[in-house]
Structure formats: structure tokens, C-alpha cells
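Biologist: I should like to be taken through this model step by step. Please display the sequence and the structure before we begin.

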Amino acid sequence: MRNIIKIRNLFSLPLYGPRLAASMANVYAGEGDTVRPFVDVSMAYDSNLFRFATDVEAVAAGANPSLAGLSSIPSLTWQRYGAGLDIDWKQGRQQVSARVAANKSLYSKFSDLLDYTGRDLKGEWKWQLGNRWSGLLSASQNRTLAPYTNYLSGVIENNVRTENDQVFQADYWFHPEWRARARLSNSSLSYSATTQKVRDNDFQRAMFGLYRLGQAVESAGVEFTMTDGSFDANANNDFREQGIRLVGIWNYSGKTRYTGRLGYIQRSRDSLTRNDFSGPEWRFEARWQPTG
């Protein structure tokens, strides 16, 4: 059972399971202003942050100096204090939005293990050049405490997760009903805990697409994708993937919308050829909205 009470929450909490949370925020500027500063104060409770299955498992984890003295599954409370700026600026056909925010979380127990400083940085430029070119340039970084649902080897460490993303996208409209798109992106994920370093990863992706736009069939097209990826900064885990897929969006009615893709991918590794893979891939989604 999960109970959550929120007055206003401007930050998502990296927590799962039974908890009770309350937060308050003061926004010092109104909607529509170019610069909107804010502060966030939140309090929360969790009955089993580390997701121990039994008291026996909790006692065993007490061998960790940071969790010394555990005799049962611990419950705890914490407070988060944060502040930042939201920016929304539009000039002609150009639109820039951004967020610069930082927060500090303080826990009632195991402060050496759990206390951390987080941040949320985002910047996005939706650009347009003439009547045919438009696109997107964005970058973001999010730093937060990772959940303790998948710690390895029974070792619980301070584990802060940092996510970075950069995107460049360009669209060319060579006809009112036809659009070409190129999208380049880079994403990385890193963990501060030594035992979690095997989860670190980095991906560089490129996508080129051609689409026909309509009304009922909002979009139908073909995409070519290429991905270079690595895990744990280990050359043995590097891989390369190529794919081709058909994509579509169908507005069946005002309340029903279908999206999907069907394609074929091929993944290869230079050092571990036994893990090479090729085959079909697909995704289908139906969304129904009962009322406006």
C-alpha cells in the first residue's frame, strides 16, 4: 500500500514503495513570465528505503559500517530544500526554455550514506529558419539518489546517479505533406557507487527519417537508425547497431490514437561475437481519452 500527500511538488522523488510525503513550494513569478524563480521544501517518510525482504536481510546488511546496529527493517524521514529558475523566452520563430535548479536532501538516519546534493539542469532551443527548416537543440543533466532496489553483492553504498543528454534535430519540409528529419543524440548514465559502475553506459545515436504527413494518418514514414554504445567504460562491452523501421501515427477518432513501429535491427560486437544479434523489433501503442 502506498500513501502520498502532496501540496505541491516541483521535484520527483527517487523513491518507491510505502511512503508518506508532503511538500510546499513558493513561486515568485507568474505563468507567462520569462524568468520564474522558485523554492521547494519537501518532507517525506519511507518504511523500507533499502527494500529489504525480511528483518534477517536487514540485520545482515548491518555489517556495513554505514548501517551498523540494524536489528530490523528501518524506517526513516527526510527533508529536501531546493531552489532554481525556470526560463521561457520566445523571439519571433525562436523559442528558448531552460531550468537551473539545485537541492539538498537530509535524512534522519544514515546521513553519511544517504545525504546528497542534487541538481536539475535543462536547456532547449526550438529553432526555425525560413519556411522549410526547423529543429531542436537541447542538453540536460539530472543528479539524484539512485534507488536501492538493485544493489550488488549485498553491499549498500552511497549511490548518486547522474544522467546527461544532448540532442540536435533538424527537419526539412520540401513539401507541405513531406518532411525529412535528421537527429543526433548522445546520452550517458553514471553511478557514484563502486559496485554500480558496471551499470555506467554511454550511447551515441543517429537517425534519418522521411515522413508523409496527413490528417487521419497523422504521420507515416521510414527511419534508418545507427547506434554506438558502451557499458562500464569497457571496450569488451562496446557494440554497434543498425536498423530500419516503418513508423506511423493514426488518429482513429477524437478519442483514440494509435502509434507504432515495425523494423529490423542488427547488433554486433567486435570482441564478443557470440552476443551478436539480428531480428525484427516492433512496438504498438493505443491511447484512448474518454473525455476532453
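Biologist: How many residues lie between strand 11 and strand 12 in the hairpin that they form?

Modeller: This is a predicted model, in which local features need pLDDT of at least 70, side-chain atom pairs count only at pLDDT 80 or more, and totals for chains, interfaces and linings use all residues. Residues are numbered from 1 along each chain as its sequence is written, and side-chain values use heavy atoms, with hydrogens and water left out. Helices (H or I, at least four residues) and strands (E, at least two) are DSSP runs, numbered from the N terminus. Strand 11 covers 239–250 and strand 12 covers 256–268, and the number of residues between them in the hairpin is five.

Biologist: In strand 12, which residue is the bridge partner of E241?

Modeller: Two strands pair if DSSP finds at least two bridges between them. Strand 11 and strand 12 do so in the antiparallel sense over eleven bridges. Across this pairing, the partner of E241 in strand 12 is R267.

Biologist: Over how many bridges does strand 12 pair with strand 13?

Modeller: Strand 13 spans 277–288, and one bridge joins its residue A286 to Y258. The two strands pair in the antiparallel sense, and the number of bridges is twelve.

Biologist: How many helices and strands does the secondary structure of the protein chain contain?

Modeller: The chain has 292 residues, of which 33% count as buried (under 20% relative accessible area with a 1.4 Å probe, protein chains only; exposed is over 50%, and partly exposed lies in between). Among contacts (heavy atoms within 4.5 Å) between residues at least 6 apart in sequence, 50% join residues at least 24 apart. The secondary structure comes to two helices and 13 strands.

Biologist: Is the pair formed by Y252 and Y258 stacked or edge-to-face?

Modeller: Rings of Phe, Tyr and Trp (its six-membered ring) pair if their centres lie within 6.5 Å; planes under 30 degrees apart count as stacked, over 60 as edge-to-face and the rest as tilted. By this rule there are 13 aromatic pairs. In the pair of Y252 and Y258 the ring centres are 6.1 Å apart and the planes stand at 65°, so the pair is edge-to-face.

Biologist: What is the angle between the planes of Y258 and F284?

Modeller: Y258 is partly exposed at 23% relative accessibility. Y258 and F284 also form an aromatic pair, which is stacked, with 5.8 Å from centre to centre and an angle between the planes of 20°.

Biologist: Which residues do ring pairs link into a cluster?

Modeller: The pair of Y258 and F284 links distant parts of the chain, 26 residues apart, with Y258 in strand 12 and F284 in strand 13. Two members of the cluster are exposed: Y252 at 51% and F284 at 54%. The cluster held together by ring pairs consists of W250, Y252, Y258 and F284.

Biologist: What is the volume of the largest pocket?

Modeller: On a 1 Å grid over the protein atoms alone, a pocket is an open set of points where a 1.4 Å probe fits, with protein on both sides within 12 Å along at least five of seven lines; lining residues have an atom within 4 Å of a point. Of the 31 lining residues of the largest pocket, the closest to its centre are M207, E223, T225, R245 and R261. Its volume, the space filled by probe spheres set on the points, is about 790 Å³.

Biologist: Which strand gives the largest share of the lining of that pocket?

Modeller: The lining divides into eleven nonpolar, eight polar and twelve charged residues (Asp, Glu, Lys and Arg are the charged ones). Several elements give two or more residues, including strand 7 (160–175) and strand 8 (178–191). The largest share, six residues, comes from strand 11.

Biologist: How far apart in space are N159 and A193, C-alpha to C-alpha?

Modeller: N159 sits in the loop between strand 6 (133–145) and strand 7, and it counts as buried because its relative accessibility is 4%. Leaving aside neighbours within four places in sequence, its contacts include T144, Y191 and A193. N159 and A193 are 34 residues apart in sequence, and their C-alpha distance is 4.7 Å.

Biologist: What is the relative accessible area of F110?

Modeller: F110 belongs to the loop between strand 4 (94–107) and helix 2 (111–114), and it has a positive phi of about 55° although it is not a glycine. F110 is buried, with a relative accessible area of 16%.
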